Amino acid sequence: MKAMSEQTFLILTALADESRHGYAIVRAVEELSDGRTTLRVGTLYGVLDRLVADGWADRGREEVHQGRLRRYYKLTDAGVRALSAEVARLSANVRAASAVLNRKGSTA
């Protein structure tokens, strides 16, 4: 499997526990990344469109909030499998890098 971008990884992670609308996804990604990643609207919806096209996310319910339409997105089973595979890939990379650093006497 091809490595996914950090934005894709964080958006999938934000959707892993509950469906969210765009602004809630942006806030969740900022929190998950400790403020290192701030999504622009174009980036967010570009990634969400690709996730939907790939079958990793679905457009869920829509609701009107303060006169504006909110569309919720949720992770599909395929999205859960893709996120799980990426977590396993990244974990293996961390273990390999930690082992190399430990051999050199550095702490990871």
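**View 1. Strands β2 and β3 of this predicted model pair in the antiparallel sense.** Strand β2 covers residues 57–65 and strand β3 covers residues 68–75, and seven bridges join the two. Two of the bridge partners can be named here: A57 is matched with L75 in β3, and E63 is matched with R70 in β3. The two strands form a hairpin with two residues between them, and in the turn Q66 has a positive phi of about 50°. As a general point for reading such a view, the side chains of a regular strand alternate between the two faces of the sheet.

**View 2. The hairpin strands belong to an open sheet of three strands.** The order of the strands in this sheet is β1-β3-β2, and the pairing is antiparallel. Strands β1 (20–21) and β2 are the edge strands, because each of them pairs on one side only.

**View 3. R61 takes part in a salt bridge and also sits over an aromatic ring.** R61 forms a salt bridge with E63, and the closest N and O atoms of this pair are 3.7 Å apart. The charged end of R61 also sits over the ring of Y72, at 3.8 Å from the centre of that ring. How far are the two partners of the salt bridge, E63 and R61, exposed or buried? E63 is partly exposed, with a relative accessible area of 28%, and R61 is likewise partly exposed, with a relative accessible area of 46%. When pairs of aromatic rings are counted in the structure, the count comes to zero.

**View 4. R20 in strand β1 is a buried residue with a salt bridge to E18.** The side chains of R20 and E18 meet at 3.5 Å, taken from N to O. R20 counts as buried because its relative accessible area is 15%, which lies under the 20% cut-off. E18, by contrast, counts as partly exposed at 44% relative accessibility. The pair does not stand by itself, since D17, E18 and R20 are linked in a network of salt bridges. In addition, the side chain of R20 reaches the backbone oxygen of A14 at 2.5 Å. When residues up to four places away in sequence are not counted, R20 touches A14, L15, I25, A28, R71, Y72 and Y73.

**View 5. R36 and D34 form a salt bridge between two exposed residues.** The side chains of R36 and D34 meet at 4.0 Å, N to O, and this is one of the seven salt bridges that the structure holds. Are these two residues buried or exposed? R36 has a relative accessibility of 59% and counts as exposed, and D34 also counts as exposed, at 67%. D34 follows helix α2 and has a positive phi, near 55°. In general terms, side chains of opposite charge can pair when their charged atoms come close.

**View 6. Helix α2 has a set of buried residues.** Helix α2 spans residues 22–32, and within this helix G22, A24, I25, V26, A28 and V29 are buried. What covers these buried residues? The cover includes helix α1 (6–15), strand β1, helix α3 (41–53) and strand β3. It helps to remember that an α-helix has 3.6 residues a turn, so residues three or four places apart point the same way.

**View 7. I11 is a buried residue of helix α1.** The relative accessible area of I11 is 0%, and I11 is therefore counted as buried. I11 and V29 are 18 residues apart in sequence, yet their C-alpha atoms are 6.4 Å apart in space. Leaving aside neighbours within four places in sequence, I11 is in contact with I25, V29, L39, L44, V47, L48 and L51. Among these contacts, I25 and V29 are buried residues of helix α2.

**View 8. E86 is a buried residue of helix α4.** Helix α4 runs over residues 77–103, and E86 is found in this helix. With a relative accessibility of 2%, E86 counts as buried. Which residues does E86 touch, not counting those up to four places away in sequence? E86 touches A3, M4 and F9.

Note on methods:
Residues are numbered from 1 along each chain as its sequence is written. This is a predicted model: local features need pLDDT of at least 70, side-chain atom pairs count only at pLDDT 80 or more; totals for chains, interfaces and linings use all residues. Side-chain values use heavy atoms; hydrogens and water are left out. Helices (H or I, at least four residues) and strands (E, at least two) are DSSP runs, numbered from the N terminus. Buried means under 20% relative accessible area, exposed over 50%, partly exposed in between (1.4 Å probe, protein chains only). Contact means heavy atoms within 4.5 Å. Rings of Phe, Tyr and Trp (its six-membered ring) pair if their centres lie within 6.5 Å; planes under 30 degrees apart count as stacked, over 60 as edge-to-face and the rest as tilted. A charge sits over a ring if NZ of Lys or CZ of Arg is within 6 Å of the ring centre and within 35 degrees of the ring normal. A polar contact is a pair of N or O atoms within 3.5 Å; within protein, one must be able to donate a hydrogen and the other to accept it, and residues adjacent in sequence count only if both atoms are side-chain atoms.
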